[in-house]
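Ready for some practice in reading a protein structure? Work through the exercises below with the model open beside you, and try each task before you look at its solution.

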Amino acid sequence: MTTASTSASVSAHSETPTVPDDVPATMRASVLLEKGVVEMQERPVPRPEPGEVLVRVRAVGVCGSDVHYYKEGRIGDFVVEEPLILGHEVSGVVAGVGAGVPAERIGQRVAIEPQRPCRTCRQCTTGHLNLCPQMKFYATPPIDGAFADYVTAPAEFAFPIPDSMSDNAGALLEPFSVGMWATGKAGLAPGSTVLISGAGPIGALASLAARSYGATRIVVSDPIASRREKILEFGATETVDPLASDFDPARIGADAFIECSGATPALLAGLQALRPFGTAVMVGLGAEEMPIPVQHIMNNEITLTGIFRYVDTWPKVIAAAESPDVDLDALVTAEFPLEEAEAALTQEPGEDSMKTIVVVSR
Ligand SMILES: [Zn+2]
Ligand SMILES: [Zn+2]
């Protein structure tokens with residue numbers, strides 16, 4: 001399986017891949033065969049293509065989308081029609097490089113931005129690569145994800161992480177990127193007031209991102225008291241109970257609203273919480289259609305938008321994670337080894353569970 005050597009004679013930008021001899025020919029992979037059926041398999045270790053790195057996976061975050069593919073076999077138009085390796089929130093160590101990538105990268109700890117855009121379509125060439133129609137994204141059918149010992153990624157999408165960052169935190173840079181992209185799209189500036197609905201992992205990461213954008217009033221709404229309490233450790237400055245009889249969203253006067261719950265009433269309350277000319281960003285996956293207060297949006301020139309993944313957020317989240325206010329490790333409430341990936345997908349989340357990590361290697 002391995003052909004090139006790692007000796008000093010290998011040039012920095014080799015014409016051939018450099019995969020050291022300690023990389024095996026086969027690996028373990030946790031494969032979703034069909035809805036509700038996961039099997040451990042032995043698969044060939046992928047070869048890095050030109051411009052790619054081969055990464056020994058260490059930690060993979062479990063995302064709601066992974067659970068959804070496991071339980072339903074599909075998310076909207078994306079349908080699991082052949083066996084699929086789940087997992088797209090990944091950290092690891094560079095184990096080999098494709099042609100054109102410096103061999104010096106081998107041994108580097110990295111977090112992976114799990115998308116492979118085509119780079120030539122109109123969206124890609126105008127800075128909107130997240131909307132590339134030819135996008136290949138980990139764990140989105142038919143592209144395999146990272147519940148496996150090794151993955152390949154474009155070299156520039158494998159971002160070096162500092163020694164101070166844990167493997168788990170490196171994996172959580174992916175959902176943190178969702179929060180960062182949403183926060184950027186909400187137009188937050190120093191001194192902003194933002195309302196975030198939903199105190200789950202994405203609500204927490206959006207709160208931390210809002211703080212890094214300089215928002216000074218970060219109001220998080222959630223009906224569960226223990227979640228409201230916990231979110232205060234993740235950037236929120238105050239919380240509200242949307243089911244309380246005295247809850248009046250209009251009193252919040254938010255510059256921006258980030259919807260992270262997927263609940264229709266949360267979206268409607270958030271639109272009322274905005275000051276005129278405010279911006280609402282939809283992040284949570286909920287009903288395919290929701291009734292919108294058109295008159296309210298028009299009369300107040302409210303901007304209502306959504307997000308789909310992210311563009312160029314890893315440098316931002318790596319920098320933000322250096323802040324002493326940001327403790328990504330504190331978000332991890334469960335860990336499972338790779339062999340128990342199915343248990344990670346099927347565990348009943350408690351009220352206080354946030355992120356689950358599949359530990360592939362240490
Ligand atoms: Zn995710
Ligand atoms: Zn493209």
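**Exercise 1. Find the elements against which the buried residues of α5 pack, then describe the helix.**

Solution. This is a predicted model.

Step 1: Look around the helix. The buried residues of α5 pack against two helices, α4 (173–185) and α6 (225–231), and against the strands β13 (193–197), β14 (217–221) and β16 (254–259).

Step 2: List the buried residues. In α5 they are Gly203, Ala204, Leu205, Ala206, Ser207, Leu208, Ala209 and Ala210.

Step 3: Check the length. Helix α5 covers residues 201–212, twelve residues, and spans 17 Å from its first C-alpha to its last. At 1.5 Å a residue, 16 Å is expected, so the two values are close.

Step 4: Look just past the end of the helix. There, glycine 214 has a positive phi of about 95°.

**Exercise 2. Decide whether serine 192 is buried or exposed, and name its contacts.**

Solution. Step 1: Locate the residue. Serine 192 sits in the loop between α4 and β13.

Step 2: Apply the cut-off. The relative accessible area of serine 192 is 7%, and buried means under 20%. Serine 192 is therefore buried.

Step 3: List the neighbours. Leaving out residues up to four places away in sequence, serine 192 touches Gly214, Ala215, Thr216, Arg217 and Asp255. You met Gly214 in the first exercise, just after α5.

**Exercise 3. Work out which residues bind the zinc ion (ligand 2) and what geometry its site has.**

Solution. Step 1: Find the donors. They are the SG atoms of Cys118, Cys121, Cys124 and Cys132, at 2.3 to 2.4 Å from the zinc ion (ligand 2).

Step 2: Read their spacing along the chain, which is C-x2-C-x2-C-x7-C.

Step 3: Check the angles. Among the four donor atoms they run from 105 to 115°. Four donors count as tetrahedral if all angles lie between 85 and 135 degrees, so this site is tetrahedral.

Step 4: Check burial. Cysteine 121 and cysteine 124 are both buried.

**Exercise 4. Name the protein donors of the zinc ion (ligand 1) and give their spacing.**

Solution. Step 1: Search around the ion. Cys63 (SG), His88 (NE2) and Glu89 (OE) lie 2.2 to 2.6 Å from the zinc ion (ligand 1).

Step 2: Follow the sequence. The spacing of these donor residues is C-x24-H-E.

Step 3: Check burial. Histidine 88 and glutamate 89 are both buried.

Terms used. Residues are numbered from 1 along each chain as its sequence is written. Chains are lettered from A and ligands numbered from 1 in the order in which they are written. This is a predicted model: local features need pLDDT of at least 70, side-chain atom pairs count only at pLDDT 80 or more; totals for chains, interfaces and linings use all residues. Side-chain values use heavy atoms; hydrogens and water are left out. Donors are N, O and S atoms within 2.8 Å of the metal (3.2 Å for Na, K and Ca); water is not among the atoms, so sites may look incomplete. Four donors count as tetrahedral if all angles lie between 85 and 135 degrees; four count as square planar and six as octahedral if opposite donors are over 155 degrees apart and all others between 65 and 115; anything else is irregular. Buried means under 20% relative accessible area, exposed over 50%, partly exposed in between (1.4 Å probe, protein chains only). Helices (H or I, at least four residues) and strands (E, at least two) are DSSP runs, numbered from the N terminus. Contact means heavy atoms within 4.5 Å.
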